[in-house]
Amino acid sequence: MKIRDLDLSQSPLNAEHQALGLPPIEDFVSHPDNHPVLRAAMWTAVLILAGLLLFLAWRLFFGDNGGSSGLEIIERTLASPTFWSAVTVGFFAQMIDGALGMAYGITATTFLLGAGASPAAASASVHIAEVFTTGLSGISHVKLGNVNKSLFLRLLLPGIIGAVLGAVLVTQFDGKALKPFISTYLLLMGLYILSKAYRHMVQRQEPKHVAKLALFGGFVDAAGGGGWGPVVTSSLLSSGSDPRTTIGSVNFAEFFLTISSATSFILLAGQPDTWMLVAGLVFGGLFASPFAALLCKKLSARTLLTIVGCLITLISAYNIYIGLA
């Protein structure tokens, strides 16, 4: 016999059940964040983030840094124009992502390619930075009850597999030869975002191929440096899925996908030499959330999509021109 964990509080849903002569609902129905699977995933994310922060702090102050102390590295980083350029991009990318639920990876990768990074280094740097932003965002979504357990689990494993395959692809080819193709992909994603700003979404039934969608989304996200949000979130929302739980579930799954991508890049290609850019992306992203809410309030989604789509398309077209010149 199943042992049920009932919610005996006087909630509106329980009052409705009582009026209909039904038993009280289970606790994880009224409090989605209390579901054991989501609770375990959330605490896993917390432990991963805490472990990474401790490792980075230990490495900065006690690791082999070529004779430089941790404080000297911090001072040198804060004095670098490259770092502050990355801060600006991280702030802008996270602000757009917070307002739209997508486009962080594409925006940041486009900037890094324009700054001269190889496709593998750019994608690795963006995914390392995204570990922290998606982790904090995903944990918040779980605590607010925005994550659908079933959708989260259907996205999780295929997305991770796709991300690993994408990382393998982008690290096995010459960076200069691959760069025009990645820039072309980013240009197409920019045009896709622009098309979303000026079309009416038709409500359809819930998609039946979530696993295939997650596999493809994870693959292009790792190979191209971004695309999980535009591919997966957009497809699910356009099919009529609930926006709140769709965005929350996709966002939380992205944390585990990002961890897999970043780990794959480090194992296959070594640690990127763009740590200053990574630090700038993370630092800029930390301060973007309040402004994302303000931006979302002041500007329409169509205006934001148009700005981002035009920016990504123009920069990617320039990168293609430079790569083929």
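**Figure 1. The whole chain is built from helices, with no strands.** This predicted model has 15 helices and zero strands. The chain runs to 325 residues, and 47% of them are buried. Now look at which parts of the chain touch each other: of the contacts with a separation of 6 or more, 79% link residues that sit 24 or more positions apart.

**Figure 2. UniProt lists several stretches of this chain as "transmembrane region".** The labels come from an unreviewed UniProt entry, and the listed stretches include residues 40–62, 118–139 and 250–269. How much of residues 40–62 is helix in the model? The answer is 100%, with 0% strand. From end to end, the C-alpha atoms of residues 40–62 are 32 Å apart. Residues 118–139 come out as 95% helix and 0% strand, and here the end C-alpha atoms lie 31 Å apart.

**Figure 3. Here we peek into the largest pocket.** The space inside the largest pocket is about 1300 Å³. A set of 33 residues lines the largest pocket, and L56, L60, W275, V278 and A279 are the closest to its centre. Five elements each hand over two or more lining residues: α3 (36–62), α4 (70–78), α7 (119–143), α12 (243–269) and α13 (275–286). Which of them gives the most? That would be α3, with eight residues. As for the chemistry of the lining, the residues split into 26 nonpolar, four polar and three charged.

**Figure 4. This view shows the largest nonpolar core.** The core holds 57 residues, and F152, L155, V232 and F252 have the most contacts inside it. Helix α7 is the top contributor to this core, with eight residues. Apart from the largest core there is another one, of five residues, including A120, A124, V170 and F265.

**Figure 5. Zooming in on F252, we can see who its neighbours are.** You'll find F252 in helix α12. Is F252 buried or exposed? The cut-off for buried is under 20% relative accessible area, so F252, at 0% relative accessibility, counts as buried. Skipping residues up to four places away in sequence, F252 touches A41, M42, A45, G138, I139, V142, V147 and F152. Take V142 from that list: V142 and F252 are 110 residues apart along the chain, yet their C-alpha atoms are separated by 7.7 Å. F152 is another partner of F252, and both F152 and F252 are among the residues with the most contacts inside the largest nonpolar core.

**Figure 6. S261 is another residue of helix α12.** S261 has its place in helix α12. What is the relative accessible area of S261? It is 0%, so S261 is buried. Leaving out neighbours within four places in sequence, the contacts of S261 are H127, A163, A167 and A222.

**Figure 7. Helix α6 is mostly covered.** This helix spans residues 104–114, and nine of its 11 residues are buried. Which residues of α6 are buried? They are Y104, G105, I106, T107, A108, T109, T110, L112 and L113. Keep going just past the end of α6 and you meet G116, which takes a positive phi of about 105°.

Note on methods:
Residues are numbered from 1 along each chain as its sequence is written. This is a predicted model: local features need pLDDT of at least 70, side-chain atom pairs count only at pLDDT 80 or more; totals for chains, interfaces and linings use all residues. Side-chain values use heavy atoms; hydrogens and water are left out. On a 1 Å grid over the protein atoms alone, a cavity is a set of points where a 1.4 Å probe fits but cannot get out, and a pocket is an open set with protein on both sides within 12 Å along at least five of seven lines; lining residues have an atom within 4 Å of a point. Grid points are joined across faces, edges and corners, and a volume is the space filled by probe spheres set on the points. Helices (H or I, at least four residues) and strands (E, at least two) are DSSP runs, numbered from the N terminus. Ala, Val, Leu, Ile, Met, Phe, Trp, Tyr, Cys and Pro count as nonpolar, Asp, Glu, Lys and Arg as charged, and the others, Gly among them, as polar. A nonpolar core is a set of buried Ala, Val, Leu, Ile, Met, Phe, Trp, Tyr and Cys residues joined through side-chain atoms within 4.5 Å. Buried means under 20% relative accessible area, exposed over 50%, partly exposed in between (1.4 Å probe, protein chains only). UniProt positions are given in the numbering used here, feature names are shortened, and annotations may be inferred rather than shown by experiment. Contact means heavy atoms within 4.5 Å.
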